[in-house]
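The exercises below are meant to be worked through with the sequence and the coordinates side by side. Try each task before reading its solution.

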Amino acid sequence: MHEASIVQEIIDITTEQAKQNNAHKVLEVEITVGAGAMIETDLLSGAFDVMKNETMLEDATLKINKVNLKLHCLNCDKISESDRMVSMECPYCHSFETIIESGREMLINKIIAE
């Protein structure tokens, strides 16, 4: 479960940013997770609820925005989208000459603190 190490990074980055802005309490953290990031968002959310205790994020909520994986086929030049990373095969021409255009990211979008 690498989600725990990801949550620890979220807590560390959020805490550092909150302290740099003289905040004492984080109320919300909003992140974006791509379908190709290989992150289980349910596990991420559960780990956040456990690991935030006794930190300045103790009362914070984690808002997760999921984005689809976009695959560009170099053979037929079509773009396909999927809500999960299943295959690098183009669903239109079945070529494996594809590249991932987006959907592998994991970003912290917004931190609300007081």
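A salt bridge is counted here when a side-chain nitrogen of Lys or Arg lies within 4 Å of a carboxyl oxygen of Asp or Glu. The model is a predicted one, and every value below is computed from it.

**Exercise 1. Decide whether the side chains of arginine 84 and aspartate 83 form a salt bridge, and state how exposed each partner is.**

Solution. Begin with the distance: the side chains of arginine 84 and aspartate 83 come to 3.6 Å, N to O, and since the cut-off is 4 Å, the pair counts as a salt bridge. Then turn to accessibility, where exposed means over 50% relative accessible area. Arginine 84 has 52% and therefore counts as exposed, and aspartate 83, with 55%, is exposed as well.

**Exercise 2. Which residues are joined into one network by salt bridges that share partners?**

Solution. Salt bridges with shared partners join Glu30, Lys63 and Lys110 into one network. To see how this arises, take the pairs in turn. The side chain of glutamate 30 meets that of lysine 63 at 3.8 Å, N to O. Glutamate 30 belongs to strand E1 and lysine 63 to strand E2, so this salt bridge ties together parts that are 33 residues apart in sequence. Glutamate 30 also meets the side chain of lysine 110, in a salt bridge of 3.6 Å, N to O. Here the link runs from strand E1 to strand E6 (residues 106-113), and the two residues are 80 residues apart.

The last step is to compare the partners by accessibility. Glutamate 30, at 13%, counts as buried because the limit for that class is under 20%. Lysine 63, at 41%, counts as partly exposed, and lysine 110, at 37%, likewise counts as partly exposed. By the rule used in these exercises, the count for the model comes to 5 salt bridges. As general background, side chains of opposite charge can pair when their charged atoms come close.

**Exercise 3. Describe the largest nonpolar core, and then list the contacts of leucine 57.**

Solution. The largest nonpolar core has 19 residues, of which Val26, Val29, Ile31, Leu44 and Leu57 touch the most other members. Next, ask where its residues come from: helix H1 (3-20), E1 and H2 are the elements that give two or more residues to this core. The largest share, 5 residues, is that of H1.

For leucine 57, set aside the residues up to four places away in sequence; the residues that leucine 57 then touches are Ile11, Thr14, Thr15, Val26, Val29, Phe48 and Lys52.

**Exercise 4. Characterise the largest pocket by its volume, its lining and the elements that supply that lining.**

Solution. The space in the largest pocket is about 350 Å³. Its lining consists of 14 residues, and those closest to the pocket centre are Ala35, Ile39, Glu40, Asp83 and Arg84. Among these are both partners of the salt bridge in the first exercise, aspartate 83 and arginine 84. Sorted by kind, the lining comprises 6 nonpolar, 3 polar and 5 charged residues. Finally, strand E1 (26-34), helix H2 (41-51) and strand E2 (61-67) each contribute at least two residues to the lining of this pocket.

**Exercise 5. Where do glutamate 54 and aspartate 77 lie, and what is the sign of phi in each?**

Solution. It helps to recall first that most residues other than glycine have a negative phi. Glutamate 54, which is not a glycine, has a positive phi of about 60°, and it is placed in the loop between H2 and E2. Its relative accessible area is 77%, so glutamate 54 is exposed. Aspartate 77 also has a positive phi, near 65°, and is found in the loop between strand E3 (69-73) and strand E4 (79-82). At 55% relative accessibility, aspartate 77 counts as exposed.

**Exercise 6. How far apart in space and in sequence are glutamine 17 and lysine 110, and glutamate 58 and phenylalanine 48?**

Solution. Glutamine 17, whose place is in helix H1, is 93 residues from lysine 110 in sequence, whereas their C-alpha atoms are 11 Å apart in space. With a relative accessible area of 33%, glutamine 17 is partly exposed. For the second pair, glutamate 58 and phenylalanine 48 are separated by 10 residues in sequence and by 9.6 Å from C-alpha to C-alpha. Glutamate 58 lies in the loop between H2 and E2 and, leaving aside neighbours within four places in sequence, is in contact with Lys52 and Asn53.

Technical notes: Residues are numbered from 1 along each chain as its sequence is written. This is a predicted model: local features need pLDDT of at least 70, side-chain atom pairs count only at pLDDT 80 or more; totals for chains, interfaces and linings use all residues. Side-chain values use heavy atoms; hydrogens and water are left out. On a 1 Å grid over the protein atoms alone, a cavity is a set of points where a 1.4 Å probe fits but cannot get out, and a pocket is an open set with protein on both sides within 12 Å along at least five of seven lines; lining residues have an atom within 4 Å of a point. Grid points are joined across faces, edges and corners, and a volume is the space filled by probe spheres set on the points. Helices (H or I, at least four residues) and strands (E, at least two) are DSSP runs, numbered from the N terminus. Ala, Val, Leu, Ile, Met, Phe, Trp, Tyr, Cys and Pro count as nonpolar, Asp, Glu, Lys and Arg as charged, and the others, Gly among them, as polar. A nonpolar core is a set of buried Ala, Val, Leu, Ile, Met, Phe, Trp, Tyr and Cys residues joined through side-chain atoms within 4.5 Å. Buried means under 20% relative accessible area, exposed over 50%, partly exposed in between (1.4 Å probe, protein chains only). Contact means heavy atoms within 4.5 Å.
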